[in-house]
Each structure stands twice: as C-alpha cells, then as structure tokens.
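Work through the exercises below with the structure open beside the text. Each task is followed by a solution in steps.

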Amino acid sequence: MAKSKKEVPKSVFSRAKKILTATTQLAAKEASLKIKKTIQKNIQGTELETRIEQAIILKNSLSELKGAAMKVGQLISLDVNEYLPKEVTDILSDLQAQSKSVDFSIIEKVLEEELQDKLLE
C-alpha cells in the first residue's frame, strides 16, 4: 500500500480549521446522543456507539495534525480506563504506533523552510 503524500497542516489557520472541524463533529455526535436520550428512554448501546464514533473522529484528526496534538491523543489513551470505555481507549491507542506516517520529502521541505541558511552552517 502506497503512503499518502497528504501534507500535514502547518499554518495556524489550517491547524485551527482541522481542530474546529473535529470539535464540531464531536459536538454533533454528543447533541445527537442527547436528543436520542430525550426522545427514547431505553436506548441501550447508543452511548457506547457514540463514544466509539467520537474516538474515531478524534484519532483521525489528531493523527493528521501530528506533533503536540497527536501527543494529546496518545496521552489520553494511556491511563484513562476509569473515565473512558475500553473500546474508546483501544481506538485512541492506535495513535501510539499506527499513526499515518509523513513522507520524508514533506519533512525535508519543512526543515528547509524553517532552518533556511542554518542548514549550511
């Protein structure tokens, strides 16, 4: 399977947009769950399904952002079994080893842009 050459969002705007999109999706899932709970009193399994869907959204978004944002997801997956269902932490634990790799040509380009003349020293 070929690696994706999709660029990691670098600008503050593109990173903020990615986080805002994920936050909006997470909030929509939460609102949908609250509405379902209000309408139907006995909805079993729906809350866990919602948490799993939210974990997938979070994992996918953080794995694309890389860096500190992805570290947050990795930390969440480490030891929060008291607060989150195991299914959720299992999904987030994918960030530990199975995050999407960044093609070296993209890393090299960022290094050249950020370090510029310092590379020649």
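**Exercise 1.** Which kind of contact do the side chains of K29 and E53 make, and at what N to O distance? State also which elements the pair ties together.

Solution. The model is a predicted one.
- Step 1: The closest approach is 3.2 Å from N to O, and the two side chains form a salt bridge. The cut-off for such a pair is 4 Å.
- Step 2: K29 belongs to helix α1 (residues 12-39) and E53 to helix α2 (residues 46-65), so the salt bridge ties together parts that are 24 residues apart in sequence.
- Step 3: K29 has a relative accessible area of 29% and is partly exposed. E53, at 36%, is also partly exposed.
- Step 4: The count of salt bridges in the model comes to eight. As a general point, side chains of opposite charge can pair when their charged atoms come close.

**Exercise 2.** Which salt bridges does E47 form with K37 and R51, and where do the partners lie?

Solution.
- Step 1: E47 and K37 meet in a salt bridge with an N to O distance of 2.8 Å. Because K37 lies in helix α1 and E47 in helix α2, this pair ties together parts that are ten residues apart in sequence.
- Step 2: E47 also forms a salt bridge with R51, with the closest N and O atoms 3.4 Å apart. Here both residues lie in helix α2, four residues apart, which is about one turn of the helix.
- Step 3: Now compare accessibility. E47 is partly exposed at 35%, and K37 is partly exposed at 33%. R51 has a relative accessible area of 19% and is buried, since buried means under 20%.
- Step 4: Through shared partners, salt bridges join E30, K34, K37, E47 and R51 into one network.

**Exercise 3.** Are α1 and α2 roughly parallel or roughly antiparallel to each other, and which classes of residue make their contact?

Solution.
- Step 1: The two axes come within 10 Å and cross at roughly 180°. Angles over 145 degrees count as roughly antiparallel, and α1 and α2 are therefore roughly antiparallel to each other.
- Step 2: On the α1 side, the contact includes I19, A22, L26, K29 and K37. On the α2 side, E47, R51, E53, I57 and L58 are among the residues that take part.
- Step 3: Sorted by class, the contact has seven nonpolar, five polar and ten charged residues.

**Exercise 4.** Which residues make up the largest nonpolar core, and which helices each supply at least two of them?

Solution.
- Step 1: The core has nine residues: A55, L62, L65, A69, M70, V88, I91, L92 and L95.
- Step 2: Helices α2, α3 (67-78) and α4 (86-92) each supply at least two of its residues.
- Step 3: Take I91 as one member of the core. Leaving aside residues up to four places away in sequence, I91 touches I52, A55, I56 and K59.
- Step 4: In soluble globular proteins, nonpolar side chains tend to be buried together.

**Exercise 5.** How many helices and strands does the protein chain have, and what share of its residues counts as buried?

Solution.
- Step 1: The chain has six helices and zero strands. Read from the N terminus, the order is α-α-α-α-α-α.
- Step 2: Of its 121 residues, 26% count as buried.
- Step 3: Among contacts with a separation of 6 or more, 65% are between residues 24 or more positions apart.

Methods. Residues are numbered from 1 along each chain as its sequence is written. This is a predicted model: local features need pLDDT of at least 70, side-chain atom pairs count only at pLDDT 80 or more; totals for chains, interfaces and linings use all residues. Side-chain values use heavy atoms; hydrogens and water are left out. Buried means under 20% relative accessible area, exposed over 50%, partly exposed in between (1.4 Å probe, protein chains only). Axes are lines fitted to C-alpha atoms, for helices over the stretch in contact, and angles run from 0 to 180 degrees between N-to-C directions. Angles under 35 degrees count as roughly parallel, over 145 as roughly antiparallel, 65 to 115 as roughly perpendicular and the rest as oblique. Contact means heavy atoms within 4.5 Å. Ala, Val, Leu, Ile, Met, Phe, Trp, Tyr, Cys and Pro count as nonpolar, Asp, Glu, Lys and Arg as charged, and the others, Gly among them, as polar. A nonpolar core is a set of buried Ala, Val, Leu, Ile, Met, Phe, Trp, Tyr and Cys residues joined through side-chain atoms within 4.5 Å.
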